[in-house]
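Please open the structure in a viewer and keep the selection panel at hand. The tour proceeds from the whole chain to single side chains.

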Amino acid sequence: DELLADFYQATSDPNDPVEIAAFSPLTDPSVVIGTLASLSVTAEDEDEDTISYLWYVDGVQWPALTTAAVNISTFGLSIGNHSVIVLVWDGVSDDSQSWTLAVRSKPDLLLTDFYKEDLDGNEVDRATSGRPTLVSIKVGNTGGEASGFNVTCLVDKEVTSVGYWGQ
């Protein structure tokens with residue numbers, strides 16, 4: 001009888017539910033297609049039960065994503081909004097957090113002007129060695145939703161500068 005009483009006591013203790021205490025980002029994320037969306041949650045369980053993390057994109061579980069913090073690849077997603085849900089589970093209870101992930105198109109760039117200047121801002125017809133020259137390139141976003149992109153300048157197939165353009 002004592003063994004049965006111990007078993008009853010051990011199995012009848014109420015479970016303290018797992019809860020998501022914090023999450024990031026706090027707002028719905030928006031990323032350019034082909035990049036990663038970083039999402040995370042902090043879950044707490046007063047019983048110190050093992051917590052499992054199940055991540056879903058558009059209702060489909062991504063079995064490779066099993067941790068509290070993930071990077072979701074947008075390579076296989078279409079442009080538009082996608083539902084992302086993480087379900088945390090302690091074996092008895094669960095909690096969840098959801099985001100709407102906006103996947104934007106890349107900008108369509110158009111080279112509108114290209115000119116060379118010396119360090120005083122005077123236009124240069126031909127750049128020669130030993131004479132510092134600045135190259136200015138004007139570009140515009142002719143389509144797409146992204147408002148920024150990386151720029152890499154090559155001279156004779158060598159990277160000479162790297163920058164970022166954004167609106």
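Of the 167 residues of the chain, what percentage counts as buried? The value is 22%. The model on display is a predicted one.

**The whole chain**

Begin with a cartoon view of the entire chain. The chain holds 1 helix and 12 strands. Followed from the N terminus, the helix precedes the strands, in the order α-β-β-β-β-β-β-β-β-β-β-β-β. Next, switch on the surface. The accessible surface amounts to about 11,400 Å², and carbon and sulfur atoms account for 51% of that surface. As for contacts in the chain with a separation of 6 or more, 57% of them join residues that lie 24 or more positions apart.

**The three-stranded sheet**

Hide the surface and select strands E1, E3 and E6. These 3 strands form an open sheet in the order E1-E3-E6, and their pairing is antiparallel. Which strands stand at the edges of this sheet? They are E1 (19-24) and E6; each has a single partner strand, so one side of each is left without a neighbour in the sheet. From one strand to the next, the twist averages 25 degrees.

Now restrict the selection to E3 and E6, which pair in the antiparallel sense over 5 bridges. Two pairs of opposing residues may be picked out here. Alanine 37 stands opposite isoleucine 72 of E6, and serine 38 has asparagine 71, also in E6, as its bridge partner.

Show the side chains of E6. In a regular strand, side chains alternate between the two faces of the sheet. E6 displays such an alternation: Val70 and Ile72 point to one face and are buried, whereas Ala69, Asn71 and Ser73 point to the other face and are not buried.

**Alanine 43 in strand E3**

Select alanine 43, which is located in strand E3. Is this alanine 43 buried or exposed? Its relative accessible area is 17%, under the 20% limit, and alanine 43 is therefore buried. Draw a distance between the C-alpha atoms of alanine 43 and alanine 21: the separation is 5.6 Å, although the two residues are 22 residues apart along the chain. Beyond its neighbours within four places in sequence, alanine 43 is in contact with Val18, Glu19, Ile20, Ala21, Ile51, Tyr53 and Val88.

**The largest nonpolar core**

Proceed to the largest nonpolar core, which has 21 residues. Trp55, Val84 and Val88 are the residues with the most contacts inside this core. Two or more residues each come from strands E3 (36-44), E4 (52-57), E6 (69-73), E7 (80-89) and E8 (94-104). Which of the elements gives the most to this core? It is E3, with 4 residues.

**Glutamine 97 in strand E8**

Select glutamine 97, which lies in strand E8. With a relative accessible area of 15%, glutamine 97 is buried, because the limit for that class is under 20%. When its neighbours within four places in sequence are left aside, glutamine 97 is in contact with Ile20, Phe23, Val41, Val84, Ile85 and Val86.

**The aromatic cluster**

The final stop concerns ring side chains. How many aromatic pairs does a search of the whole structure find? The search finds 2 such pairs. Select phenylalanine 23 and tryptophan 99: their rings form an edge-to-face pair, 6.2 Å centre to centre, with 75 degrees between the planes. This pair links distant parts of the chain, since phenylalanine 23 belongs to strand E1 and tryptophan 99 to strand E8, 76 residues apart. Phenylalanine 23 counts as partly exposed at 29% relative accessibility, while tryptophan 99 counts as buried at 3%.

Add tryptophan 55 to the selection. Tryptophan 55 and tryptophan 99 form a stacked pair, 6.0 Å centre to centre, with 10 degrees between the planes. Tryptophan 55 lies in strand E4 and tryptophan 99 in strand E8, so this pair ties together parts that are 44 residues apart in sequence. Both tryptophan 55 and tryptophan 99 are buried. With all of these rings on display, the tour ends at one aromatic cluster, formed by Phe23, Trp55 and Trp99.

Conventions
Residues are numbered from 1 along each chain as its sequence is written. This is a predicted model: local features need pLDDT of at least 70, side-chain atom pairs count only at pLDDT 80 or more; totals for chains, interfaces and linings use all residues. Side-chain values use heavy atoms; hydrogens and water are left out. Buried means under 20% relative accessible area, exposed over 50%, partly exposed in between (1.4 Å probe, protein chains only). Contact means heavy atoms within 4.5 Å. Accessible areas come from the Shrake-Rupley method with a 1.4 Å probe; for residues, only the protein chains shown count as cover. A nonpolar core is a set of buried Ala, Val, Leu, Ile, Met, Phe, Trp, Tyr and Cys residues joined through side-chain atoms within 4.5 Å. Two strands pair if DSSP finds at least two bridges between them. Axes are lines fitted to C-alpha atoms, for helices over the stretch in contact, and angles run from 0 to 180 degrees between N-to-C directions. Rings of Phe, Tyr and Trp (its six-membered ring) pair if their centres lie within 6.5 Å; planes under 30 degrees apart count as stacked, over 60 as edge-to-face and the rest as tilted.
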